[in-house]
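Subject: Handing over the structure

Hi,

Here is the structure I promised to pass on. Have a look at it first, and then read on for my notes.

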Amino acid sequence: MVRVAPDGERFWPHCFADGLYRVADPSLGRVKHHAANQIGVTEQEIADYLRRGYLLRMRGEASKQVNLIAAAEIVQAGASSQE
């Protein structure tokens, strides 16, 4: 999965120190970005949450910035991914 920003920077799912990725429920509105409101998920669970409209924490390839990205902005990467 990848998100390509308007400036061309690619964002990849960000794995936290606990080995999990973070998703956020968009129904939480202005507080969805708070750490306490995010859910730790495995790599295998990400696609299911994205199908349900959750947002995903992703890290910029060049900037290294971690952002919460909407499911609509994320596309399935081809056979060659960051890993």
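Why does Arg-10 count as partly exposed? Because its relative accessibility is 36%. I'll come back to Arg-10 further down, but first some background.

Please keep in mind that this is a predicted model.

**The overall picture**

The protein chain has 1 helix and 6 strands. If you walk along the sequence, you meet them in the pattern β-β-β-β-α-β-β. The C-alpha trace spans about 30 × 25 × 25 Å along its principal axes. A compact globule of 83 residues would have a radius of gyration near 12 Å, and the protein chain agrees with that because its own value is 12 Å. Of the 83 residues, 34% are buried. As for the contacts between residues at least 6 apart in sequence, 51% of them join residues at least 24 apart.

**The nonpolar core**

The largest nonpolar core has 15 residues. The members that touch the most others are Val-23, Val-41, Ile-46, Leu-50, Leu-56, Met-58 and Ile-74. Three elements each supply at least two residues of this core: strand E3 (21–24), helix H1 (46–51) and strand E5 (55–60). H1 gives the largest share, with 3 residues.

Leu-56 is a good place to start clicking around. Setting aside residues up to four places away in sequence, Leu-56 touches Pro-13, Tyr-21, Arg-22, Val-23, Ile-46, Leu-50, Asn-67, Leu-68, Ile-69 and Ile-74.

**Salt bridges**

How many salt bridges does a search of the whole structure find? There are 4, and here are three I looked at.

One of them is the pair of Glu-73 and Arg-3, whose closest N and O atoms are 2.9 Å apart. This pair links distant parts of the chain, with Glu-73 in the segment after E6 and Arg-3 in strand E1, 70 residues apart. The two side chains are also joined by a polar contact of 2.9 Å. Arg-3 counts as buried because its relative accessibility is 15%, while Glu-73 counts as partly exposed because it has 40%. Strand E1 itself covers residues 3–4. Apart from neighbours within four places in sequence, Arg-3 is in contact with Glu-9, Arg-10, Phe-11, Met-58, Ile-69 and Glu-73.

That list brings us back to Arg-10, which forms a salt bridge with Glu-61, the closest N and O atoms being 2.9 Å apart. Here too the pair links distant parts of the chain: Arg-10 sits in strand E2 (residues 10–13), Glu-61 in the loop between E5 and E6, and they are 51 residues apart. Glu-61 is partly exposed, because its relative accessible area is 34%.

Then there is Asp-18, whose side chain meets that of Arg-22 in a salt bridge (2.9 Å, N to O). Asp-18 is partly exposed, with a relative accessible area of 47%. Arg-22 is buried, at 18%.

**An arginine without a salt bridge**

Arg-57 is found in strand E5. Is Arg-57 buried or exposed? Arg-57 is buried, yet it has no salt bridge. The nearest side chain of opposite charge belongs to Asp-18 and is 12 Å away. What does the side chain of Arg-57 reach at 3.0 Å? That would be the backbone oxygen of His-33. Arg-57 also has a long list of contacts, not counting neighbours within four places in sequence: Trp-12, Pro-13, His-14, Phe-16, Arg-22, His-33, Gln-38, Val-66, Asn-67 and Leu-68. Arg-22 and Asn-67 are among the residues that Leu-56 touches as well.

**One backbone detail**

Finally, take a look at Lys-64, in the loop between E5 and strand E6 (66–69). The phi of Lys-64 is near 65°, a positive value in a residue other than glycine.

**Where to look**

If you want a quick tour, here is how I'd go through it:

- Leu-56, for its touches with Ile-46, Leu-50 and Ile-74, among others.
- Arg-3 and Glu-73, for a salt bridge that links distant parts of the chain.
- Arg-57, for a buried residue with no salt bridge.
- Lys-64, for its positive phi.

Happy to go over any of this together.

Cheers

Definitions and conventions:
Residues are numbered from 1 along each chain as its sequence is written. This is a predicted model: local features need pLDDT of at least 70, side-chain atom pairs count only at pLDDT 80 or more; totals for chains, interfaces and linings use all residues. Side-chain values use heavy atoms; hydrogens and water are left out. A nonpolar core is a set of buried Ala, Val, Leu, Ile, Met, Phe, Trp, Tyr and Cys residues joined through side-chain atoms within 4.5 Å. Buried means under 20% relative accessible area, exposed over 50%, partly exposed in between (1.4 Å probe, protein chains only). Helices (H or I, at least four residues) and strands (E, at least two) are DSSP runs, numbered from the N terminus. Contact means heavy atoms within 4.5 Å. Lys and Arg count as positive and Asp and Glu as negative; His and the chain ends are not counted. A polar contact is a pair of N or O atoms within 3.5 Å; within protein, one must be able to donate a hydrogen and the other to accept it, and residues adjacent in sequence count only if both atoms are side-chain atoms. The radius of gyration is taken over C-alpha atoms; the globule rule is 2.2 Å times the number of residues to the power 0.38.
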